[in-house]
Amino acid sequence: MSLGKRQRTVRREIVLSLLPVAVILVLFRVYPIITAIIKSFTNWDGLSRNDWVGVKNYADLVSSGTFWLVLRNTLVLLINVPLQVFVGLVVALLLYEQVKGWRVYRAVIYTPQIISAVIIGFLFRTFFSLNGPVNAVLTAVGLEGLAIEWFGNAGTALGVLIFSIVWFSIGWQAIVILGGMSAIPPSVFEAARLDGATYWQRAFFIVVPMLVRTIEFAVLASGVWTLTQLFPFLYSMTKGGPGFDTTTLDYLIYLRSFGFGFGSNYGYASAVAVILLA
């Protein structure tokens, strides 16, 4: 077989190998995105109404106090990203150092990842309810003043949400960082111990600088996940309340799509989705 014919054969094999993935991406990613962008300029109700309204949906969004509140909530919840990365780093280091019982801890910390987010939401709602275990413990130790309705105001409700998200994500972060640490030669840690480096010195002067790319990936993936995957937590824990104080952009899409308190308007919801995509 000539060199030119062999190259053509290789190119054909590459194209045929990538074609199924390309078709799936176009059908389930590209087409829905394009459709959402187009529908964001209409007043589509999901059925018969589908009039072109131009930028009206976007104008209504930016002039709405609700939108800015929801955007603020979304950005506030991004606080969980550095928290979960930091805690995941600490846990990964402890596991790498093989502290006593590390095999048990390794299995336990990943358990939240295999539990439905809806179940986790209901558990935290139960724990932090007015008559829940958290308030019961606070009352038992003489801290009745701290036994409050945790979901009764924006500050504490968002705090509980952030706490639940961090708890849920520790296992994933630890696994990712452990994977990155496996590429660090053990001799580096041994040399640091011989030089008298403490646990925290090894963490922040050896591990962090050598895992910059891994940490970048963890931050980026967690940020995207926070922006797009909090719906089950919100639905099972706060329903976006009180009011809109814990509503995020992805939950607002759900509210506007199914008309809870608004009237169904998929065009408006599509505009929110486009902003979230951006």
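**Exercise 1. How much space lies in the largest pocket?** Then work out which elements line the largest pocket.

*Solution.* A quick note before we start: this is a predicted model, where local features need pLDDT of at least 70, side-chain atom pairs count only at pLDDT 80 or more, and totals for chains, interfaces and linings use all residues. Residues are numbered from 1 along each chain as its sequence is written, and side-chain values use heavy atoms, with hydrogens and water left out.

Step 1: the volume is about 540 Å³. A pocket here is an open set of points on a 1 Å grid over the protein atoms alone, where a 1.4 Å probe fits, with protein on both sides within 12 Å along at least five of seven lines; lining residues have an atom within 4 Å of a point. Grid points are joined across faces, edges and corners, and the volume is the space filled by probe spheres set on them.

Step 2: of the 16 lining residues, Thr228, Ile253, Ala273, Leu276 and Leu277 lie nearest the centre.

Step 3: two or more lining residues come from each of H1, H11 (212–228), H13 (249–258) and H14 (266–277). Helices are DSSP runs (H or I, at least four residues), numbered from the N terminus. H1 gives the most, with five residues.

**Exercise 2. Find what is unusual in the loop between H12 and H13.**

*Solution.* Step 1: recall that most residues other than glycine have a negative phi, and most peptide bonds are trans.

Step 2: check Lys239, which sits in this loop; its phi is positive, about 55°, although Lys239 is not a glycine.

Step 3: move on to Pro242, also in the loop after H12 (231–237). The Gly241 to Pro242 peptide bond is cis, with omega near 0°.

**Exercise 3. Why are Lys56 and Asp60 separated by about one helical turn?**

*Solution.* Step 1: their side chains form a salt bridge at 2.8 Å, N to O (the rule is a Lys or Arg side-chain nitrogen within 4 Å of an Asp or Glu carboxyl oxygen).

Step 2: the spacing follows because the two are four residues apart in helix H2 (residues 56–62).
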